[in-house]
Amino acid sequence: GTCMHTLGARGTVVANRCIQYLRRRFAMTVELGILLLVTSGSLFAAPQIQHWQMDNGVRVFFVENHDLPLLDVSIGFDAGSRRDTPEKSGLASLVRRTLTMGAGGLNEDEISKRMADVGALLGGSFDNDRAGVSLRTLSSEREREQALGVMARVVQQPEFPEAVLQREKKRIIAGLKEAETQPDYLAGRAFSAMLYGKHPYARESSGEVASVGALTQRDVMDFYRSWYRSDDTVLSIIGDATMAQAKAIATRLTGTLPRGSGASQPLPAVVPLTQAETRRIAHPATQSHILMGMPGIRRNDPDYFPLFVGNYILGGGGFDSRLLEEVRQKRGLAYSAYSYFMPMMQEGPFQIGLQTRRDQADQALAVVRETLAKFIAKGPSEAELKQAKDNLIGGFPLRIDSNAKILDYLNVIGFYNLPLTYLDDFSAKVEKVTVADIRDAFTRRVKPEVMATVIVAADGK
């Protein structure tokens, strides 16, 4: 499947070589996968991460893997929606969206054709903290060089054509107007505002209709020059390349990025909630959409693993979780109920969510609150903890069973300054968590008495 995914107008020979290779390895791969799961990851070795910093400040993370003739590259910038201002909300998203739509003398059609010609995929990512550009290409010389050449132009020479900006602004505005009719969007927007107030994490990443409409080409270029800078850049590479090739790729893709004139502007601190608040929003939906939570943890928080494992038991483990058992299996109040921590550069949200019939909303919410309170007070049982550990540790190889998944981890490790041994240490840190650790972390970090709750229901009741 990975081989066929790379096929374009060219690349058939390389893909056939890839398929033959996989046929030879198939039986061995299946047996190895089963063995890894049966032994709960005890024989599993995480990929070796090599790291260096370029003279211009770019931090590079590289995993050499010659199993397949593929190369995956990702460049991440400290240019997420948290860099927007209230007046220019949506600017960061517009910059990332149009970055690949004209660069270095190539228009968007020419960029697409050059990528399709070698079977390469040019993509991107965007969230509150980060903006990224990614590439998947065959590692054979012609395909690799052409794809990297396009990516280098996109990252270092974007043009942001006026006609493209106007077209994309119209699309964004149309999407925002449509989203404003959807109950899940209304719930999420209100929830973020209640958790974060005037903090940048409260802003809608796509912006507002008025702010997007007022954005100019100069705004876009100024934002790019301010935040797409070498000293805030993480470059991740995995695949069929040597160290020498990886270093050449890093220089080619980021060598002309400007350095910032100083340290990045720090964000304001996230202000903790001081009292509980419930907001009801009227909407003609047949289901009530409920969100409840508070600001949670940073990505490098020392309580990360007790909270991660504990949340798997509370609401992150699907049918294994307490919330789903209490809300769905015992009472039939909702099809699903979940909880998660979303750690970010600053305190990301701890969120509980569910949908239920409008006439059952208050009952379902009461069950959620009772379940959460009991979990904080008593923690999980030893049996629940063992099951969670078995699933998390046993399933960990599946979290990094492809280059694309490993690339995502490289991005996170680099951007949030996590240890290079993060993947090696993961299973041991999960195994080390105790019931007492979970109870202690949840008691200190999760406060139901100050949580925000949003209910988007048919009549707001």
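**View 1. Strands S10 and S13 side by side.** In this predicted model, S10 (residues 287–295) and S13 (residues 452–457) pair in the antiparallel sense over 5 bridges. Two strands count as paired if DSSP finds at least two bridges between them, and strands here are DSSP runs of E with at least two residues, while helices are runs of H or I with at least four, both numbered from the N terminus. To find your place, look for Met-292, whose bridge partner in S13 is Thr-453.

**View 2. The open sheet around that pair.** The sheet has 5 strands in the order S9-S13-S10-S12-S11, with mixed pairing. S9 (277–282) and S11 (337–341) stand at the edges with a single partner strand each, so one side of each is left without a neighbour in the sheet. On average, neighbouring strands are turned by 15° against each other, direction ignored. For axes, lines are fitted to C-alpha atoms, for helices over the stretch in contact, and angles run from 0 to 180 degrees between N-to-C directions.

**View 3. Helices on the sheet.** Helix H7 (residues 183–196) packs on the sheet and touches S9, S10, S12 (349–357) and S13; its direction makes about 20° with that of S10. Contact here means heavy atoms within 4.5 Å. Helix H11, for its part, lies across S11 and S12 and runs at about 165° to S11.

**View 4. The largest cavity.** A cavity is a set of points, on a 1 Å grid over the protein atoms alone, where a 1.4 Å probe fits but cannot get out; lining residues have an atom within 4 Å of a point. The volume of the largest cavity is about 40 Å³, taken as the space filled by probe spheres set on the points, which are joined across faces, edges and corners. Its lining consists of Tyr-312, Ile-313, Asp-320, Glu-384, Gln-387 and Ala-388. H14 (382–394) and H11 (304–316) each supply at least two of these residues, and the largest share, 3 residues, comes from H14.

**View 5. Hairpin S6 to S7.** A hairpin of 4 residues joins S6 to S7. S6 (residues 121–126) and S7 (residues 131–138) pair in the antiparallel sense over 6 bridges, with Gly-123 bridged to Ser-134 in S7.

**Reading notes.** Residues are numbered from 1 along each chain as its sequence is written. Because the model is predicted, local features need pLDDT (the predictor's confidence in each residue, from 0 to 100) of at least 70, side-chain atom pairs count only at pLDDT 80 or more, and totals for chains, interfaces and linings use all residues, while side-chain values use heavy atoms, with hydrogens and water left out.

Terms used:
On a 1 Å grid over the protein atoms alone, a cavity is a set of points where a 1.4 Å probe fits but cannot get out, and a pocket is an open set with protein on both sides within 12 Å along at least five of seven lines; lining residues have an atom within 4 Å of a point.
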